[in-house]
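Visitor: Could you take me closely through one part of this model, starting from a single residue and working outwards into the elements around that residue?

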Amino acid sequence: MTKRKRALFVINSLTGGGAERVMCTLLSHSEPERAEFDISLAVLDNEAAGNVPPGWVDVHQFDCRFSMARSFLAMRKLYAELKPDVSLSFLTRANLVTALIAPTPCVISERAHTSHHLGKGLRGAVSRAMVRSLYPRAAKIIAVSDGVERDLRSNFAIPASKLISIPNPVDAEGIREKAKQASSVAIDGPFIMSAGRLVAVKNFAMLIRAFAMAGGNRKLVIAGEGEERGALESLARELGVGDRVILPGFIANPYPLMARADIFVLSSNSEGYPNALIEGMAVGRPVISTNCNSGPSEILAEKPRSAISGLTFAEHGVLTPVGDAEAMAEAIRALDDPRRRGEYGAKAEARAATFSAAAIKDRYWNVLREAMNAAPARGR
C-alpha cells in the first residue's frame, strides 16, 4: 500500500477576509484528496477566526503577531516536525516565509495585485525586493487573475514559466444555502449592497458620493469594518444621505442580505481577485464594479482590463472607471430598470457557476502534484 504524502497549507490568519475564506473553501472541498494526502494547515497569527476549516484538517495555530521573524521561526520548526512533501501558502508574509525556508517543493498563491498591495516608502521597497528575490524560489506561483500574473511578470521579473493563473473557488451552492437563513441585519425597503474592509483601497467614499448623486429612495448597505468608518459616516452626513447609508459592521453570514439587495457594487481602486463580487453574482444579483486591477474585467467582460474604457455594459455586469463617482451614479441609475436588473442578475448567476469550487480545487491540487512529482525524491 502506497504511503500517503503530506501537504501543508499556510496562511497568515483565519480572519473574515477573502483569502481566508478561499483557503477554507479550498480545504472544505479537498476531502477526496485525503486518500492521497495527510493535510495540515499552519495559521501564523492568533486572531479571531471569521472562517473555519473542516474538522478533519490538522491545524497548527501560532501567535506570530504579524512578525516576519516569529513566522520564520515557527515555520522552520513546523517544517522540521511535519516534513511535508509539498506546501501551499496564501498571502505575502506566508509566501515569503515559505519560499525562504521550505525544504521541499512549495507553491505560493498571490492573492493581491502586488504592486498596489505592497505600497510605497522604505517598507514597501523592502517588501518588493523580497518578493523579487524569494518568489522565484517557489516551484510554482498561482496568481488569482491574469492581471495579478501580468503584474508579477512585468514588475517583479517573475519568470513566466513559474506562473499560472487560477481564479478563486466559489462555493455557489453553499452560498445559496446560507442565503436561505435569516439575516442578522434587518433593512427596511430596497437597498444597494457592498461589502469589504472599510479601508481606503476599497474606495467606499466614492461609492457613497455616487449613491448620493444617483438619487432615489434606496438605502446603501456596506458590510464590513475598518479604520475608515468614521470618515465614511461623516461623508454620508455631509452629502445628506446619512440616514440612508448603513454600516452594520462585519457580518459572518452576509448572504441572506446580499440575496435581497437590488444591486451589488464593488467600488475598489485595486483588487487581487474580488471574491465578494462573485458571491453577489452567485445569489443572482446584478453587479456593478470598477474596472480595477485586477479581476473585474475578466469576470464581467471576459476581457483584459486594457480592453475596457469608460462606462461599459458588459456581458455579465457593468464596469465603471476607477474613482469615477459620476459614472458609478449613471450605472446605478441605469439599473433602476427592473427588466435590466433581472437580465443582469440571471447572467451574473450563470457566470458565477463557472467558478465552481470543485473544479477550481482540482486545478490547485494538480499544481501541487506537478510540483511534488517534479522534485527529486527524498527519504522520509
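Guide: Asp 243 is exposed, with a relative accessible area of 63%; exposed means over 50%, buried under 20% and partly exposed in between, using a 1.4 Å probe and protein chains only. The model is a predicted one, in which local features need pLDDT of at least 70 and side-chain atom pairs count only at pLDDT 80 or more, while totals for chains, interfaces and linings use all residues. Residues are numbered from 1 along each chain as its sequence is written, and side-chain values use heavy atoms, with hydrogens and water left out.

Asp 243 lies in the loop between helix H9 (229-238) and strand S10 (245-249), where helices (H or I, at least four residues) and strands (E, at least two) are DSSP runs numbered from the N terminus. Measuring C-alpha to C-alpha, Asp 243 and Glu 36 are 55 Å apart in space, and 207 residues separate them in sequence.

The strand after this loop leads into an open sheet of seven strands, with mixed pairing and the order S10-S9-S8-S11-S12-S14-S13; two strands pair if DSSP finds at least two bridges between them. S10 and strand S13 (312-313) are the edge strands, each pairing on one side only. Further in, strand S8 (residues 191-195) and strand S9 (residues 219-223) run parallel and are joined by five bridges, with Ile 192 standing opposite Leu 220 in S9. Helix H8 (residues 204-214) packs on the sheet, where H8 touches S8, S9, S10, strand S11 (263-266) and strand S12 (287-290); contact here means heavy atoms within 4.5 Å. The direction of H8 makes about 170° with that of S9, on a scale from 0 to 180 degrees between N-to-C directions, with axes being lines fitted to C-alpha atoms, for helices over the stretch in contact.

For contrast with the exposed Asp 243, one can turn to helix H6 (residues 146-155), whose buried residues are Gly 147, Val 148, Glu 149, Asp 151 and Leu 152. Among the elements that cover these buried residues are strand S5 (106-110), helix H4 (114-117), strand S6 (140-143), strand S7 (163-165) and helix H12 (296-300). H6 is followed by Ala 157, which has a positive phi, near 55°.
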